[in-house]
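Me: Could you take a close look at one part of this model for me and then work outwards from there? I'd like a connected story rather than a list.

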Amino acid sequence: MLRNFEQEIKNLETRHLRRQIRIMESPSDTIITIEGRRFISMASNNYLGLANHPGVKQAAIKAIERWGVGAGAARLMSGTMTPHHQLERDLAQLKQVEAALTFGTGYTTNLGLIPALIDRNGLILADRYCHASLIEACRLAKATLRVFHHNDAGHLEKLLKKREKARPTLVVTEGVFSMDGDLAPLPDLLALCRQHEATLVIDDAHGTGVMGKNGQGTVEHFGLNPRDVLQMGTLSKAIGAGGGYIAGTAALKDYLINTAKAFIYTTAQPPAIAAAASAAIRIIQDEPARRERLRANQNALHSALTDLGLQLTDTQSPILPIIVKSPERAVEMSQALYEAGVYVPAIRPPTVPKDSSRLRLTVSSEHTQEQLETVVTAFRKIREAFSMKPTSASG
Ligand SMILES: *Cc1c(COP(=O)(O)O)cnc(C)c1O
């Protein structure tokens, strides 16, 4: 018997956990239109404004004219065109590694990567806050999965010490955590991996383009050698296009081409999207000022919200989450902000742990000072309406 869908939805509704799609009537930008109304968007991972950048759009348009729309086949059949090849070279150069391999999405990159690296004989130690795609990928790999406390190298060390010797081991983390905005202690994790002969896998979905002086990601931010780790990321966030990739050795790439099902059994990414991603990577490398503006916006909004007495996570990235605990409150506050013309999504379980529902703001390099001030004003008003207790003296 199938589930009673109506009943299931009603159950979610009463727990304030029902999610609904909102239809955007405009491109991804700092100002968006929904239901004919304009909003300041604090809800996009388009950190550098490249998803709607004229040069990136032009690259896609030109590529459509040259290469058509669909790739027509899987990468190993006849789906690999010059733009795919070029993008992989650009990614390898950005990430300072030997080779990169692209996938249809970031999600399927993880599904392809992890099971190709390890099987039921292996052990995966994953941070408790790892993205759903990583956890799904670990399950798919059928290896033993153990979870370590969030960003807790001490706990990871305990688990590494407990394992049977010589068991193949992956340590899996995000570079920038997508729902908290904090960074993994990569130097500590890498030191432990070396000591215990484990491989460190970093999902740098929110780090690439954003972190590090040259936008290479969290590995650059911490000054680590990219050859010592295995990285994946997406083309859908700061890069503003779509797709995912791994960055590593030429041998790893060759091996994944031959073994990763999520690479083999799916049609290649549309060539124009690959061309757009390449154009975006060039901008990431040529315009460090975007990252500087992003950092300035992140800091300005972070201190203004903190001054209002709002409880932010320990974030070090353009992801600014405000913990409000109950899903009901998160939804009500998101709605009040919506009415004030500011679009901030409510993030609830199962995306985040129970009792940690939050409003998640993401900043872009393209937000103007005036837009950020409007956001802060809206928060000041709803803070009064929701009589939130200030956690600091000011505001
Ligand atoms: C967004 C995200 C993904 C998935 O990437 P898509 O390109 O959106 O499929 C994977 N991992 C993390 C940490 C993410 O935030």
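Which strands does helix α4 lie across, and at about what angle does α4 run to β3?

Reply: Quick caveat first: this is a predicted model, where local features need pLDDT of at least 70 and side-chain atom pairs count only at pLDDT 80 or more, while totals for chains, interfaces and linings use all residues. Numbering starts from 1 along each chain as its sequence is written, and side-chain values use heavy atoms, with hydrogens and water left out.

Now your helix. α4 (residues 82-95) lies across β3, β8 and β9 (244-248), and runs at about 125° to β3. Helices (H or I, at least four residues) and strands (E, at least two) are DSSP runs, numbered from the N terminus. The angle is taken between axes fitted to C-alpha atoms, for helices over the stretch in contact, and runs from 0 to 180 degrees between N-to-C directions. Contact here means heavy atoms within 4.5 Å.

α4 also has a salt bridge to show you: glutamate 88 pairs with lysine 253, with the closest N and O atoms 2.9 Å apart. Glutamate 88 belongs to α4 and lysine 253 to helix α10 (residues 250-259), so the pair ties together parts that are 165 residues apart in sequence. A salt bridge means a side-chain nitrogen of Lys or Arg within 4 Å of a carboxyl oxygen of Asp or Glu. Both glutamate 88 and lysine 253 are buried, where buried means under 20% relative accessible area, exposed over 50%, and partly exposed in between (1.4 Å probe, protein chains only).

What is the sheet under α4 like? Seven strands make an open sheet with mixed pairing, in the order β3-β9-β8-β7-β6-β4-β5. β3 (99-103) and β5 (144-148) are the edge strands, each with a single partner, so one side of each has no neighbour in the sheet. On average, neighbouring strands of this sheet are turned by 20° against each other, direction ignored. Two strands count as paired if DSSP finds at least two bridges between them. For a local example, β7 and β8 (residues 230-234) run parallel and are joined by three bridges; one detail is that aspartate 203 has methionine 232 in β8 as its bridge partner.

Follow the sheet along and you meet another helix, α8, which lies across β6 and β7 and runs at about 150° to β7. In α8 (residues 186-195), the buried residues are Leu186, Leu189, Leu190, Leu192 and Cys193. These cover an arc of only 160° around the axis, which puts them on the same side of α8; the arc is that of the directions from the helix axis to the C-beta atoms. Among the elements covering them are α7 (153-162), β6 (169-174), β7 (199-203) and α9 (218-221). Flip to the other side of α8 and you find Arg194 and Gln195 exposed. After the helix comes glutamate 197, with a positive phi near 55°.

Arginine 194 is worth a second click. Its side chain meets that of aspartate 228 in a salt bridge, 2.8 Å from N to O. This pair links distant parts of the chain, 34 residues apart: arginine 194 sits in α8, and aspartate 228 in the loop between α9 and β8. Arginine 194 is exposed at 54% relative accessible area, while aspartate 228 is partly exposed at 32%.

Zooming out, the domain assignment gives domain 1 (15-44 + 288-385) and domain 2 (53-286), with bounds that come from an automatic or database domain assignment. Taken over C-alpha atoms, the domain centres are 27 Å apart, and the contact takes 19 residues from domain 1 and 23 from domain 2.

Elsewhere in the model, arginine 290 and glutamate 287 meet in a salt bridge at 2.7 Å, N to O. Arginine 290 is buried at 10% relative accessibility, and glutamate 287 is partly exposed at 31%. The two belong to a salt-bridge network of Glu287, Arg290, Arg293 and Glu366. The model's salt-bridge count comes to 12.

One last stop: β1 (residues 31-34) and β2 (residues 37-41) pair antiparallel over four bridges, with isoleucine 32 partnered to phenylalanine 39 in β2. They form a hairpin with two residues between them, and glutamate 35 in the turn has a positive phi of about 50°. β2 is also joined by two bridges to β11 (residues 342-343), running parallel, and there isoleucine 40 stands opposite valine 342.
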